[in-house]
Amino acid sequence: MRIHCKIVVILVCFGVLLLLYFLVGNAADEPPLKEVANDNYFPPSSGLGKIVSVKLEKKPRVSRISQNQPRPNRREGKLTHRGGSINAKLRQRNEVGRTSSRNVLTEEWMHLAVVACGNRLDETLTLIKSALLFSVKKIKFHIFAEDGLASLFQKGLSKWPRFVSTRFQYSVYPITFSVGNAEEWKKLFKPCAAQRLFLPVILRDVDSLLYVDTDVLFLRPMDDIWSFLKEFNSTQLAAMAPEHEIPKIGWYSRFARHPFYGVTGVNSGVMLMNLTRIRSTLFKNNMISSGLSWEDLLHPLYQKYRNHITWGDQDLLNIIFHYNPECLYTFPCQWNYRPDHCMYGSNCKGAEEEGVAILHGNRGVYHDDKQPAFKAVYDAIRDYPFEDNIFQSLFYPLQTKFLDTVNTLCGRIPQVFLKQVEKTMKTLYEQKVIVHVKRPHK
């Protein structure tokens, strides 16, 4: 009898345990939230950039991840019944998608202005080409030109391949002066050069701008000089390089008959401007006690100093910033490297250490044999076809041409001209050719 009782107790205990086992198993299989897969759902491994949302009370909402974002990780994308982790990961991805969309909508463009009159068409196209060769961000070009050149610019720029044309936009404007006598302004110093003074007045929808003369070439990304805008303090609204590094041989310090900025004056061939600040500032001057706006200042200033200025609009800029030095940011000489920095002996330490960033071939040195080093750079960029390998068709020929310039004052240190070009090309090569492989997740 005792044996039978023991058997019954064992069977009852076994039955209770079996019942508990089934109850716990069913509870574990029941999901805490109802998950609804939308028809647009694709597994993260498909690479189509779509994810599933979790239905709580409202209709499921699908968020797209931008194509520029990394492909979702398989582990992170795996659906699970653990509501906390799926909600957190989906919320995080939705934020990534929204942030990426905002970045696309607010994509930053750099703005570059140039003024071309007379026979400056080819020189300007070579300038634009140099900016596009090395820059990272897209560029909007504002080209001010005589009527006869507008169609020629359109024809020249339309010949460039599509992979280049998608990286820039351009507008061609007529030569206009809002105050004073237009013919007087047009003939001030070089043809149409005074147009740069009126850029803040004409380009009212542009916040910031880089102005360059037509005889300028970029040897490193325009993005780098554009970044100087972020270094402006609260009063600075423009940036230029000094006219000379040594006061004893500088033009302004020896010959100027008017006020000028600092010790050696500034050169306006490369001028970075915050146009919004320029338009909203009242500038001190020696004509009236109160400040004048930029547009109201230009013509009276020209009338006062017209018989004392030699370099036209550049002299007027020097006068303005002489009385408003707190408004100017000065960048080093390698950002506006001219024959003056080497023809009397090397006097730009920044270029010797870092290489030339922006080459300014004034004095017509691109088109004669007085400074072969400058001409070699211009010819190499002008003749380079966009479709060719940049090392084989630009850098190597440039190196070869410099062998013929080593006996000249400006060509005796080739690395001054080649250092930034080589560095920039290596960076471009790494970005476009070398694939960086991520380490697999453990």
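**Close-up views of helix packing and nonpolar cores**

**View 1. Packing of helix 4 against helix 15 in the predicted model.** The axes of helix 4 (residues 121–134) and helix 15 approach within 9 Å of each other and cross at roughly 80 degrees. Angles of 65 to 115 degrees count as roughly perpendicular, and helix 4 and helix 15 are therefore roughly perpendicular to each other. From helix 4, the residues in contact are Asp122, Glu123, Thr126, Lys129, Ser130 and Leu133, which meet Tyr378, Ile381, Arg382 and Asp383 of helix 15. Sorted by class, this contact of helix 4 with helix 15 comprises 3 nonpolar, 2 polar and 5 charged residues.

**View 2. Packing of helix 15 against helix 16.** Helix 15 (residues 372–383) and helix 16 (residues 390–402) have axes that come within 10 Å and cross at roughly 155 degrees. An angle over 145 degrees counts as roughly antiparallel, and this description therefore applies to helix 15 and helix 16. The crossing of helix 15 past helix 16 is right-handed. On the helix 15 side, Ala373, Ala376, Val377, Asp379, Ala380, Ile381 and Asp383 take part, and they meet Leu394, Leu398, Lys401 and Phe402 in helix 16. The contact of helix 15 with helix 16 contains 8 nonpolar and 3 charged residues, with no polar residues. Ile381 and Asp383 of helix 15, listed here among the residues that meet helix 16, are also among those that meet helix 4.

**View 3. The largest nonpolar core and the surroundings of Tyr337.** The largest nonpolar core has 74 residues, and those with the most contacts inside it are Leu210, Tyr337, Leu359 and Phe417. Helix 4 supplies the largest share of this core, namely 8 residues. Leaving aside residues up to four places away in sequence, Tyr337 touches Cys342, Cys348, Ala351, Val356, Ile358, Leu359, His360, Phe374, Val416 and Phe417. Leu359 and Phe417 thus appear both as contacts of Tyr337 and among the residues with the most contacts inside the core.

**View 4. The second nonpolar core.** A separate core of 44 residues includes Phe144, Leu188, Leu203 and Tyr261.

**View 5. The protein that frames the close-ups.** The protein has 17 helices and 9 strands. Of its 442 residues, 46% count as buried. Among contacts between residues at least 6 apart in sequence, 71% join residues at least 24 apart.

How values were computed: Residues numbered from 1 in each chain as written. Predicted model: local features only at pLDDT ≥ 70, side-chain atom pairs only at ≥ 80, totals over all residues. Heavy atoms only, no water. Axes fitted to C-alpha atoms, helices over the stretch in contact; angles between N-to-C directions. Helix = DSSP H or I, 4+ residues; strand = E, 2+ residues; numbered from the N terminus. Parallel < 35°, antiparallel > 145°, perpendicular 65-115°, else oblique. Left-handed = near helix turned anticlockwise from the far one by under 90°. Contact = heavy atoms within 4.5 Å. Nonpolar A, V, L, I, M, F, W, Y, C, P; charged D, E, K, R; others polar. Core = buried A, V, L, I, M, F, W, Y, C linked by side-chain atoms within 4.5 Å. Buried < 20%, exposed > 50% of the residue type's maximum accessible area, 1.4 Å probe, protein only.
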